[in-house]
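Welcome, and thanks for taking a look at this one. Please have the sequence and the fold in view as you read; the report starts with the whole chain and then visits a few places within it.

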Amino acid sequence: GSDEACAKAGGHEIRSSREYMKRELEGVIVPLQALVDVDGYRVLATAVLPIKEVTFDDGGNVEKVTTNMILGTCDRGVKVINKSQRLSQKMAEYASSLNLSRHFVKGENDISAREIYSAVDLRGYNNRKDEDENLFYLLNFWRAFPSEYPEETSHLPLSPRGMSIFWRQLRPEYVKTLPSPLSPDANIQITAG
């Protein structure tokens, strides 16, 4: 992509996470984020969440670092995960207030489609060390809202390989005014129907 597309992705991340943060659902943590523009560079700063479990060997060296991802995809859609019914219910509450629809996605290696209420790229975690198993952490909001349909935006320049769906997104204020909910994954190949 271009520098412009990268800058827009950072803006989408901030805008989308802010919309989720406004809802303040109990038991769901949305990290604080900031965009920093310095000398023509844009940096997205995100608060570190306690989602990593570090295992040390007998000498005190890091042996293994793992996370417990329970929603989304971390391999560009090869496998989609939705392991927690409680988090799925929370995501349904978010979807209802943001006018996003329930939809089905199927990863490249998945046998069957998974029902989700958010963009497949949005990731949900919980920390196995937490005594409260109901505490969830969300990350990766850059594609949380539906993209513009490229064929309906002919007034805008075409992008290589139709990639504009990743940086031309509908604003949350507009999505909320529509008569029926929209899927944030509508224009990508991972959507199963």
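## The chain as a whole

Following the sequence from start to end, the protein chain runs α-β-β-β-β-β-β-β-α-β-β-β-β-α. That pattern comes from 3 helices and 11 strands. Do keep in mind that this is a predicted model.

Of the 193 residues in the protein chain, 41% are buried. Among contacts with a separation of 6 or more, 60% are between residues 24 or more positions apart. The protein chain exposes about 11400 Å², with 51% of that area supplied by carbon and sulfur atoms.

## Helix H1 and what covers it

Helix H1 takes in residues 3-23. Its 21 residues should span 30 Å at 1.5 Å a residue, and the end C-alpha atoms are 31 Å apart, so the length agrees with expectation. Just after H1, Glu 24 has a positive phi of about 45 degrees.

Many readers will want to know which residues of H1 are buried. They are Ala 5, Gly 10, Gly 11, His 12, Glu 13, Ile 14, Arg 15, Ser 16, Ser 17, Glu 19 and Tyr 20. The cover over the buried residues of H1 includes strands E2 (33-38), E3 (41-46) and E11 (136-139), together with helices H2 (85-98) and H3 (172-177).

## Helix H2 and its two sides

H2 has 14 residues and reaches 20 Å between its first and last C-alpha atoms, close to the 20 Å expected at 1.5 Å a residue. Its buried residues are Leu 87, Ser 88, Met 91, Tyr 94, Ala 95 and Leu 98. These cover an arc of only 115 degrees around the axis, which means they sit on the same side of H2. The general background is that an α-helix has 3.6 residues a turn, so residues three or four places apart point the same way. On the other side of H2, Gln 85 and Ser 96 are exposed.

Both ends of this helix have a detail to look at. At the start of H2, a side-chain oxygen of Ser 84 comes within 3.4 Å of the backbone nitrogen of Arg 86. Just after H2, Asn 99 takes a positive phi of about 65 degrees.

## Strand E6 and its partners

E6 pairs in the antiparallel sense with strand E10 (residues 123-125) over 2 bridges, and Met 69 stands opposite Tyr 125 in E10. E6 is also joined by 2 bridges to strand E7 (residues 81-82), again running antiparallel. There, Leu 71 stands opposite Asn 82 in E7.

## Asn 68, beside E6

Asn 68 is in the loop between strand E5 (62-67) and strand E6 (69-72). Is this residue, Asn 68, buried or exposed? With a relative accessible area of 18%, Asn 68 is buried, because the cut-off for that class is under 20%.

The side chain of Asn 68 makes a polar contact of 2.4 Å with the side chain of Asn 126. The C-alpha atoms of Asn 68 and Asn 127 are 6.4 Å apart, although 59 residues separate them along the chain.

## Gln 169 in its loop

Gln 169 lies in the loop between E11 and H3, and it counts as buried at 10% relative accessibility. A polar atom of the Gln 169 side chain is 2.9 Å from the backbone oxygen of Trp 142.

Which residues does Gln 169 contact, leaving aside its neighbours within four places in sequence? They are His 12, Trp 142, Arg 143, Phe 145, Pro 146, Ser 147 and Glu 148. Of these contacts, His 12 is also one of the buried residues of H1.

Key
Residues numbered from 1 in each chain as written. Predicted model: local features only at pLDDT ≥ 70, side-chain atom pairs only at ≥ 80, totals over all residues. Heavy atoms only, no water. Helix = DSSP H or I, 4+ residues; strand = E, 2+ residues; numbered from the N terminus. Buried < 20%, exposed > 50% of the residue type's maximum accessible area, 1.4 Å probe, protein only. Polar contact = N/O pair within 3.5 Å; in protein donor to acceptor, adjacent residues only side chain to side chain. Contact = heavy atoms within 4.5 Å. Areas by Shrake-Rupley, 256 points an atom, 1.4 Å probe, with all protein chains shown as cover. Expected span 1.5 Å × (residues − 1). Pairing = 2+ DSSP bridges. Arc of directions from axis to C-beta.
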